[in-house]
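Grab a notebook and work through these short exercises with the model open beside you. Each one sets a task and then walks through a solution.

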Amino acid sequence: MQDELIQRDQRVNWHPYTQMKHDVSIPIVRGEGSYLFDANGKRYIDAVSSWWVTLHGHAHPSITQRVSEQLATLEQVIFAGFTHPTAIELSERLLALLPDNQTKVFYTDNGSTAIEVALKMCVQYHYQNQQSKTKILAFKNGYHGDTFGAMSVSGRGLWTAPFGELLFDVIFIDVPTQANLAQTKAFIATHAHEIACFVYEPLVQGAGGMLMHKAADLSELMEFCKHQGILLIQDEIFVGFGRTGKLFAVDHLTETPDIMCFSKGLTGGTMPLGITTATQAIYDAFYADDKTKALFHGHSFTANPLACAAALASLDLLLNAETTHNIQRIVAQHQGFVALLKHHPKIKEVRFQGTIFALEWKTDENTSYFSDMNQALYPFFLERGILMRPLGNIIYLVPPYCISETDLGFVYKTILEALDQI
Ligand SMILES: *Cc1c(COP(=O)(O)O)cnc(C)c1O
């Protein structure tokens, strides 16, 4: 059955981030907790939460139940001119967990579109306040999604090369360190009059290679941008919902952003959903008798009730004592493993932030997504029943919070074997 599914898949499907000539996609027929099962019955530990989305494991019974009930009640309704109780409840509950300055929720259906909305909010905000600020500030090596606006504000490289001419101009800066902050601030100050907003991944730059920076340094940079009249868009699409060891990355910071973006873990990884939250001041710039001042953005499936129901069930799970305990246990296990690897001769750097662990393998080439290391590492782990997806020569772990202590230990042991054998 496995081979037949692979053949049928290759005949009709075109997969994301996949060189179709080389890569075979493994048919998965079932998921349970932190495991995936292929059509031959082989079990894989999902050590990357299926692209960083699955918070509480696969096919979680309480999410399944809540979505099923919603499915039998109201599966979809247009969100312009209509609303529904599930979206109202989700907005109320999410806002209660965010900094007090976040007062409004705008729904979309994935991370990239949550970013598009955030950018459009900022640019239109200044437009409606008669200010010509249209430039965006962003970190080098950032990743904010694959639509054109999100691509424009992401780090430029081989992924974006074919579209270079079509991407809008962005002012890129390095992530903050005590060594570069003074210089970065001086640079920003010279451009501040034209900058609409600063979009950034807080604490961890995920797709860029699980690169990490310090909360205190980011807070200092945020404070400076605020004083320069630059709106802050905090992209918590990856790091939100417990990944950093706290509920949100913002909980590590002393400053609050103007806009926040969420997706990935928002529904526990069950349904696609995106959220952009905003301050009252931003919302108020659109609130007018003049109809043309509305935010003209929307998607067919905006605030889909099934996705909102999944998000509510996921929030319940996230806030319960067992999950909190699991998150702290994963953090402690990562900490022990990092200490063990610190001086390994094959490792360039090992780092972690909360439940996110990353190891940079020494290679002759520069660190890169297209590093050949990937071709050796990815199958090595798959053969041993572990789904990991190294970013070139960077191995990382983003496990679902329900992963057992034993399974996480097995993953570490397998990484040590890889270090020995590859
Ligand atoms: C994945 C990701 C996005 C894009 O989300 P999609 O749902 O894949 O469009 C944006 N920002 C960050 C930080 C991400 O990790």
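**Exercise 1. Cysteines.** Classify Cys-402 and Cys-122 as buried, partly exposed or exposed, then look for disulfides.

Step 1: Cys-402 has a relative accessible area of 32%, so it goes down as partly exposed; buried means under 20% relative accessible area, exposed over 50%, and partly exposed in between, using a 1.4 Å probe and protein chains only. Step 2: Cys-122 sits at 0%, so it counts as buried. Step 3: with a disulfide taken as a pair of cysteine sulfur atoms within 2.5 Å, the count is 0 disulfides. Cys-122 is therefore in none, and the nearest cysteine sulfur, that of Cys-197, is 4.0 Å away.

Before going on, a word on the input: this is a predicted model, where local features need pLDDT of at least 70 and side-chain atom pairs count only at pLDDT 80 or more, while totals for chains, interfaces and linings use all residues. Residues are numbered from 1 along each chain as its sequence is written, and side-chain values use heavy atoms, with hydrogens and water left out.

**Exercise 2. The ligand shell.** Which residues are around the ligand, and which polar contacts can you list?

Step 1: collect residues with a heavy atom within 4 Å of the ligand. You should get Trp-52, Asn-110, Gly-111, Ser-112, Tyr-143, His-144, Gly-145, Glu-201, Asp-235, Ile-237, Phe-238 and Lys-264. Step 2: sort them by class, which gives 4 nonpolar, 5 polar and 3 charged residues. Here Ala, Val, Leu, Ile, Met, Phe, Trp, Tyr, Cys and Pro count as nonpolar, Asp, Glu, Lys and Arg as charged, and the others, Gly among them, as polar.

Step 3: hunt for polar contacts (N or O pairs within 3.5 Å; within protein, one atom must be able to donate a hydrogen and the other to accept it, and residues adjacent in sequence count only if both atoms are side-chain atoms). An N or O atom in the Ser-112 side chain is 2.5 Å from a ligand oxygen, and a backbone N or O atom of Gly-111 lies 2.8 Å from a ligand oxygen. On the nitrogen side, a ligand nitrogen is 2.7 Å from an N or O atom in the side chain of Asp-235. Step 4: check the cover; the ligand taken alone exposes 380 Å², and the protein buries 83% of that (Shrake-Rupley areas, 1.4 Å probe; for residues, only the protein chains shown count as cover).

**Exercise 3. Ser-154.** Where does Ser-154 sit, and what is it in contact with?

Step 1: place Ser-154 in the loop between helix H6 (148–152) and strand E6 (170–173); helices (H or I, at least four residues) and strands (E, at least two) are DSSP runs numbered from the N terminus. Step 2: its relative accessible area is 3%, so Ser-154 is buried. Step 3: leaving aside neighbours within four places in sequence, Ser-154 is in contact (heavy atoms within 4.5 Å) with Gly-142, Tyr-143, His-144, Gly-145 and Phe-172. A polar atom of the Ser-154 side chain lies 2.8 Å from the backbone nitrogen of His-144.

**Exercise 4. Positive phi.** Compare Gln-130 and Leu-203: buried or exposed?

Step 1: most residues other than glycine have a negative phi. Step 2: phi is near 55° for Gln-130 and near 70° for Leu-203. Step 3: Gln-130, in the loop between helix H5 (111–128) and strand E5 (135–139), is exposed at 70%. Leu-203, between strands E7 (195–200) and E8 (204–205), is buried at 1%.
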